[in-house]
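These are my notebook entries from a sitting with this model. I wrote down what I looked up, in the order I looked.

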2 protein chains.
Amino acid sequence: MLSPTSPLVRKLSTFVALPSGDLELLAGFHRRRRTFMSGSEIISEGEKRQCAYILAKGWACSFKIQPDGRRQVVDFQIPGDFLGLRSLLFRTSDHSAEAVTDIEASEVLIGDVLDAFSRAPRLATAVLWAASRDEAMVVEHLVNIGRRSAEQRLAHILLEMDARLKLVGLSDTDGYAFPLTQFHLADLLGLTAVHVNRIIRLLREKNLVHIQHRRVKFLNREGLIALAAFDGAYLDQDGPMLP
Amino acid sequence: MLSPTSPLVRKLSTFVALPSGDLELLAGFHRRRRTFMSGSEIISEGEKRQCAYILAKGWACSFKIQPDGRRQVVDFQIPGDFLGLRSLLFRTSDHSAEAVTDIEASEVLIGDVLDAFSRAPRLATAVLWAASRDEAMVVEHLVNIGRRSAEQRLAHILLEMDARLKLVGLSDTDGYAFPLTQFHLADLLGLTAVHVNRIIRLLREKNLVHIQHRRVKFLNREGLIALAAFDGAYLDQDGPMLP
DNA sequence: CGGCCTCTTGAGACAGTTCAACCTATGTGG
DNA sequence: CCACATAGGTTGAACTGTCTCAAGAGGCCG
């Protein structure tokens with residue numbers, strides 16, 4: 001049985017109040033528990049009819065590889081996030097995903113989704129909301145790369161992850177545990193790892209954030225927010241719920 | 001009554017065969033027809049509880065504006081596409097949208113969606129698919145900006161629009177009608193209009209494509225595909241349907 | 001006819017890349 | 001518990017794709 005504070009339930013409950021029947025249906029999604037070792041590939045671009053996962057523990061990342069070997073990270077997934085929802089619905093998966101840390105996840109099949117949608121339409125809307133929120137994050141990453149400086153990009157993603165981690169109770173007041181390497185950040189921000197390193201130093205020298213020892217520690221959150229022009233409205237996680 | 005060749009039906013039918021009951025429900029979505037003049041704003045970032053639209057005729061574009069006035073276009077919408085689906089589900093809209101040409105669209109309210117989902121779960125899955133396809137396009141635009149050269153970016157978007165227009169019957173063998181300015185392209189590709197202009201010239205001089213007089217005309221499609229490393233799998237519009 | 005978009009081209013500046021070297025943790029096998 | 005391997009992080013110097021600013025040309029509409 002799914003505990004009421006499971007990250008996914010916590011996230012969806014920000015959107016709509018789900019009746020207990022829907023919650024039980026959601027619990028059924030957690031039947032097939034899987035574990036993956038750090039670095040292992042979970043979803044593979046180009047493969048047909050893949051399944052999806054709900055991440056329960058650890059960080060993952062979804063990405064696309066270019067023919068020349070360069071890679072673009074699309075997003076990082078934290079507990080409560082879907083992993084590979086698009087590859088569940090598409091004929092062939094349009095992206096790959098791998099475990100950043102050791103992770104635990106629940107396998108979801110297309111049948112589970114069809115079944116749940118027909119029995120709980122409110123849940124269908126909640127899942128569409130979660131998928132739309134994922135899209136909103138990708139959109140913000142697009143703005144990041146397209147129209148912000150390297151410094152702003154880094155500041156922005158640090159603030160986004162903070163807000164997302166808070167929603168599932170994984171962020172403290174001063175910062176959070178942060179398992180990403182500078183290569184991960186570079187591939188998300190459309191930069192090189194060398195340049196990310198220089199920007200990290202810059203933000204440290206400005207006494208805005210420290211990124212050290214697998215931790216992000218905010219020294220001047222207001223300053224960071226101003227620098228990145230961060231507005232978390234796209235995460236749609238504040239304010240009153242849908243009636 | 002909705003004609004069976006409406007762009008939206010045509011698009012969704014690529015994914016699943018919808019029973020006639022679902023098609024009638026879908027037709028109900030087209031009750032409230034609206035028209036917008038070229039240049040007018042249809043969705044506004046920051047506004048609460050906006051409605052969404054299904055585009056029937058013309059081109060639109062969705063975008064986000066930065067505090068410094070620079071703008072990032074997220075995607076262009078063509079007939080059959082949703083417009084502002086995220087602003088329908090979110091507390092406040094995370095993006096804006098405007099009409100590129102004069103357009104015709106049908107207004108969709110949140111109640112329509114909830115109602116349709118509870119009566120036609122298969123339709124819910126089809127809508128989730130369409131939303132996921134929109135996300136896949138944004139992801140590809142992210143890869144475009146993050147990891148491709150200006151030349152590749154432009155080639156890629158021209159090929160994407162060709163495939164998308166083909167799906168709704170708006171592309172000829174040699175090219176298609178193209179209402180975008182170089183400013184639109186610049187804002188989508190994360191470049192300046194000046195640089196887009198130089199790249200357009202480059203592709204013309206290489207005898208790959210002509211972009212002139214509001215038309216895209218392919219001269220060497222294979223060459224363009226190779227240049228951009230274009231693989232349309234992310235559009236999920238080829239191959240057998242979902243059973 | 002004049003005004004305003006849109007497109008075009010040039011020259012200099014700069015943010016971020018590339019390549020290369022070196023440093024520092026952390027873990028592993030002997 | 002040391003020796004070594006390896007992944008990740010740090011820094012410098014030269015290079016380049018794209019931007020910025022600037023000025024002008026073409027075409028459409030009132």
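How many bridges join β9(B) to strand β11 of chain B, and do they run parallel or antiparallel? I counted three bridges between β9(B) and β11 (residues 215-218), and the two strands run antiparallel. A note to self before going on: this is a predicted model.

**Entry 1: the sheet around β11(B)**

I took one pair as a landmark: B:Ala177 has B:Arg215 of β11(B) opposite it. I then followed the sheet outwards and found an open arrangement of three strands in chain B, ordered β9-β11-β10, with antiparallel pairing. The edges are held by β9 (175-177) and β10 (209-212) of chain B; each has a single partner strand, so one side of each lacks a neighbour in the sheet. From one strand to the next I noted an average twist of 10 degrees.

**Entry 2: β4(B) and its two partners**

Next I looked up strand β4 of chain B, residues 60-65. Five of its six residues are buried, so I wrote it down as mostly covered. On one side I found β5 (residues 71-77) of chain B, antiparallel to β4(B) and joined to it by six bridges. The two strands make a hairpin with five residues between them, and in the turn B:Gly69 has a positive phi of about 95 degrees.

My other pairing for β4(B) is with β7 (residues 96-99) of chain B, again antiparallel, over four bridges. B:Cys61 is a handy residue to click on here. Its bridge partner in β5(B) is B:Phe76, and in β7(B) it stands opposite B:Glu98.

**Entry 3: helix α7(B)**

Is α7(B) largely enclosed or largely open? I found it largely enclosed by the rest of the structure, because six of its eight residues are buried. The buried ones are B:His184, B:Leu185, B:Ala186, B:Asp187, B:Leu188 and B:Leu189. I checked what lies over them, and the cover includes β4 and β5 of chain B, together with α5, α6 (150-167) and α8 of the same chain. Just past the helix, I noted that B:Gly190 takes a positive phi of about 70 degrees.

**Entry 4: the two chains together**

I then laid chain B on chain A. A turn of 180 degrees with a shift of 0.0 Å along the axis does it, at an RMSD of 0.0 Å. The two copies are therefore related as by a two-fold rotation axis. Both copies use the same surface, since 100% of the contact residues of chain B recur in chain A.

For the interface itself, I have 43 residues of chain B in contact with 43 residues of chain A. On the chain B side, β5, α3 (85-89), α4 (110-119) and α5 (121-147) each supply at least two residues. The most comes from α5(B), with 19 residues. Sorted by class, this side of chain B has 23 nonpolar, eleven polar and nine charged residues.

**Entry 5: the DNA strands**

Which residues come nearest to DNA strand D? I listed A:Thr181, A:Gln182, B:Ala150, B:Thr192 and B:His195, out of 14 residues around the strand. Residues from both chains are in that list. The elements giving at least two residues each are α7 (182-189) and α8 (193-205) of chain A and α8 (193-205) of chain B. The largest share, five residues, is from α8(A). I sorted the surface near strand D into six nonpolar, six polar and two charged residues.

For DNA strand C, I found 15 residues around it, with A:Ala150, A:Val194, A:His195, B:Thr181 and B:Gln182 nearest. Two or more residues each come from α8 of chain A and from α7 (182-189) and α8 of chain B. Here α8(B) gives the most, with six residues. The classes near strand C are seven nonpolar, six polar and two charged.

**Entry 6: one loop residue**

Last, I stopped at A:Val16, in the loop between α1 (7-12) and α2 (20-28) of chain A. I put A:Val16 down as partly exposed, because 16 other C-beta atoms lie within 10 Å. I also looked at A:Pro240: it is 224 residues away from A:Val16 in sequence, and their C-alpha atoms are 9.6 Å apart in space.

Technical notes
Residues are numbered from 1 along each chain as its sequence is written. Chains are lettered from A and ligands numbered from 1 in the order in which they are written. This is a predicted model: local features need pLDDT of at least 70, side-chain atom pairs count only at pLDDT 80 or more; totals for chains, interfaces and linings use all residues. A residue is near a molecule or strand if its C-beta atom, placed from the backbone, lies within 6 Å of it. Ala, Val, Leu, Ile, Met, Phe, Trp, Tyr, Cys and Pro count as nonpolar, Asp, Glu, Lys and Arg as charged, and the others, Gly among them, as polar. Copies are superposed by least squares on the C-alpha atoms of residues with pLDDT of at least 70 in both. Two residues are in contact if their C-beta atoms, placed from the backbone, lie within 7 Å. A residue is buried if 20 or more other C-beta atoms lie within 10 Å of its own, exposed if 12 or fewer, and partly exposed in between; C-beta atoms are placed from the backbone. Two strands pair if DSSP finds at least two bridges between them. Axes are lines fitted to C-alpha atoms, for helices over the stretch in contact, and angles run from 0 to 180 degrees between N-to-C directions.
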